[in-house]
Amino acid sequence: MTNLTVRDVDREIAQALKLRAAAHGRSAEAEHRMILRDALGMTGAEREDFAASAARLRARLRHDGDTTEIVRMARDGDRGAAG
């Protein structure tokens, strides 16, 4: 997770966000997260798919210091795509 900071928000907008959060029974921060998710059109499944893909990529990028196998895999992968 990461943090976002939004500066210079009009008071009316900040108040509207607080009211909207209260209407939904959420904290202001939780409401902000929901608004961002809705605006980006990300469903729960999409977020989980993205997280799983990122975890797989991180696992592939871990190595013991010997990059020979990584170079070999990248080279062989490129040949497979072309042929």
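A residue counts as partly exposed when its relative accessible area lies between the 20% under which residues are buried and the 50% over which they are exposed. D76 has a relative accessible area of 39% and is therefore partly exposed. R75, at 39% relative accessibility, is likewise placed in the partly exposed class. These two residues form a salt bridge, in which the closest N and O atoms are 3.3 Å apart. The model analysed here is predicted.

The secondary structure consists of four helices and zero strands. Read from the N terminus, the order of elements is α-α-α-α. The protein has 83 residues, of which 4% are buried. An area of about 7600 Å² is exposed by the protein, and 55% of this area is supplied by carbon and sulfur atoms.

The packing of α1 against α2 was examined next. Two packed helices are described by the angle between their axes and the distance between the axes. The axes of α1 and α2, the latter covering residues 28-40, come within 9 Å and cross at roughly 95 degrees. Angles of 65 to 115 degrees count as roughly perpendicular, and α1 and α2 are therefore assigned to that class. On the α1 side, the residues that meet α2 are L17, R20 and A21. Their counterparts in α2 are A28, E31, H32 and I35.

One of the α2 residues at this contact, E31, was considered separately. E31 is located in helix α2. Its relative accessibility is 0%, so E31 counts as buried. With residues up to four places away in sequence left out, E31 touches L17, R20, A21, H24 and R26. Among these contacts, L17, R20 and A21 belong to the α1 side of the helix pair.

Side chains of opposite charge can pair when their charged atoms come close. Four salt bridges were found in a search of the whole structure. One of them joins R26 to E31, with 2.7 Å between the closest N and O atoms. The partners differ in exposure class: R26 is partly exposed because its relative accessible area is 31%, whereas E31 is buried because its relative accessibility is 0%. R26 and E31 also belong to a network of salt bridges that includes R20.

A further salt bridge is formed by E29 and R33, whose closest N and O atoms are 3.8 Å apart. Both residues lie in helix α2 and are four residues apart, so about one helical turn separates them. E29 has a relative accessibility of 55% and therefore counts as exposed. R33 is partly exposed because its relative accessible area is 40%.

A nonpolar patch was identified on the surface. V6, V9 and I13 make up this patch, which has an area of about 270 Å². V9 is situated in the segment before α1, the helix that spans residues 11-23. The relative accessibility of V9 is 39%, so this residue counts as partly exposed.

Conventions
Residues numbered from 1 in each chain as written. Predicted model: local features only at pLDDT ≥ 70, side-chain atom pairs only at ≥ 80, totals over all residues. Heavy atoms only, no water. Patch = residues over 30% accessible without salt bridge, like charges linked within 9 Å, V, L, I, M, F, W, Y side chains within 5 Å. Areas by Shrake-Rupley, 256 points an atom, 1.4 Å probe, with all protein chains shown as cover. Salt bridge = Lys/Arg side-chain N within 4 Å of Asp/Glu carboxyl O. Helix = DSSP H or I, 4+ residues; strand = E, 2+ residues; numbered from the N terminus. Buried < 20%, exposed > 50% of the residue type's maximum accessible area, 1.4 Å probe, protein only. Axes fitted to C-alpha atoms, helices over the stretch in contact; angles between N-to-C directions. Parallel < 35°, antiparallel > 145°, perpendicular 65-115°, else oblique. Contact = heavy atoms within 4.5 Å.
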